[in-house]
Amino acid sequence: MNVLMVYAHPEPTSFTGALKDAGVATLRQAGHTVVVSDLYAEQFDPVAGRHDFNAVANAERFHYQTEQAHAYGNDGFAADLVREQKRFRDADLVVWLYPIWWGGMPAILKGWFDRVLAYGFAYADGRRFASGFFPDKRGLLCLSTGGTQQRFSAGDAYGDIQTVLWPAQRLMIEYLGMTALEPFVAYAAPRVDAEGRDLYLRQWIMRLQQAVEDTASHASITAVTLTAAGRS
């Protein structure tokens, strides 16, 4: 199975980094192909602009979605977007690993969604949610927080974690037609002791293994269905 990990943390020794390293090691030992987009290490540019394109639809007025559609139809994306789009396209399971900052994802990761998952390539008119381009892909969020689980609960300071993650789960992953798996959240990661961190890592490995198994089962069912349909 092909797994893409999109990792967004500036510090390699962070707990988010430990989650990434544990996931990569586990999957590769199991024989899976894992590609990591390390956004900070690769100095990914999160800022959208004309530099995203090698082709121009309208030189007079810059409309980002129009330029994305034109680039998709004319092999006009910049090299870094071509690289990231290939990584995404090849993946059966996509895992996004990041810390929650200001109630959302780091700007570098939001920029990855903005620039990489372009109109034409990742969605189009009439091709969203249930009719999206990627029904065979699954997406998994792996998060670390500074706040405790209590803080991210209904009625407390930050609100229920499902509400906090709604933009990513529904308006990003499911928007593309993907299946959004239950997120993994390491609450209050900077505050837990070594035993707590080890427990989080074990829980994460189990969650990731289950996600891979579920994705493989889904792919097998889809293949059987398509084969049966071809014989009818």
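**Exercise 1. Sort the lining of the largest pocket by residue class.**

Solution. Start with the tally: nine nonpolar, eight polar and one charged residues line the largest pocket. Keep in mind that this is a predicted model. Next, look for the centre of the pocket: of its 18 lining residues, Pro-99, Ile-100, Ser-144, Thr-145 and Gly-146 lie nearest to it. Finally, add the volume, about 270 Å³.

**Exercise 2. Work out which helices help to line the second largest pocket.**

Solution. First, the space: the second largest pocket holds about 230 Å³. Now go through its lining, which includes Tyr-64, Gln-65, Gln-68, Lys-110, Phe-113 and Asp-114. Further along the chain, Leu-117, Tyr-123, Leu-171, Met-172, Tyr-175 and Leu-176 also belong to the lining. Match these to helices, and you find that α2 (64-73), α4 and α6 (166-173) each give at least two residues. By class, the lining splits into eight nonpolar, two polar and two charged residues.

**Exercise 3. Decide how α3 and α4 are oriented to each other.**

Solution. Two packed helices are described by the angle between their axes and the distance between the axes. Here, α3 (residues 79-90) and α4 (residues 107-116) pack at about 90 degrees, and their axes are 10 Å apart. Angles of 65 to 115 degrees count as roughly perpendicular, so α3 and α4 are roughly perpendicular to each other. Then pick out who touches whom: α3 brings Asp-80, Leu-81, Glu-84, Gln-85 and Phe-88, while α4 brings Trp-112, Arg-115 and Val-116. That contact has four nonpolar, one polar and three charged residues.

**Exercise 4. Classify the aromatic pair of Phe-53 and Tyr-64, and say which parts it ties together.**

Solution. The model has 19 aromatic pairs in total. For Phe-53 and Tyr-64, the centres are 5.7 Å apart and the planes make 55 degrees, which is a tilted pair. Now place the two residues: Phe-53 sits in the loop between β2 (33-38) and α2, and Tyr-64 in helix α2, so the pair ties together parts that are 11 residues apart in sequence. Tyr-64 also turned up in Exercise 2, in the lining of the second largest pocket.

Notes
Residues are numbered from 1 along each chain as its sequence is written. This is a predicted model: local features need pLDDT of at least 70, side-chain atom pairs count only at pLDDT 80 or more; totals for chains, interfaces and linings use all residues. Side-chain values use heavy atoms; hydrogens and water are left out. Axes are lines fitted to C-alpha atoms, for helices over the stretch in contact, and angles run from 0 to 180 degrees between N-to-C directions. Helices (H or I, at least four residues) and strands (E, at least two) are DSSP runs, numbered from the N terminus. Angles under 35 degrees count as roughly parallel, over 145 as roughly antiparallel, 65 to 115 as roughly perpendicular and the rest as oblique. Contact means heavy atoms within 4.5 Å. Ala, Val, Leu, Ile, Met, Phe, Trp, Tyr, Cys and Pro count as nonpolar, Asp, Glu, Lys and Arg as charged, and the others, Gly among them, as polar. On a 1 Å grid over the protein atoms alone, a cavity is a set of points where a 1.4 Å probe fits but cannot get out, and a pocket is an open set with protein on both sides within 12 Å along at least five of seven lines; lining residues have an atom within 4 Å of a point. Grid points are joined across faces, edges and corners, and a volume is the space filled by probe spheres set on the points. Rings of Phe, Tyr and Trp (its six-membered ring) pair if their centres lie within 6.5 Å; planes under 30 degrees apart count as stacked, over 60 as edge-to-face and the rest as tilted.
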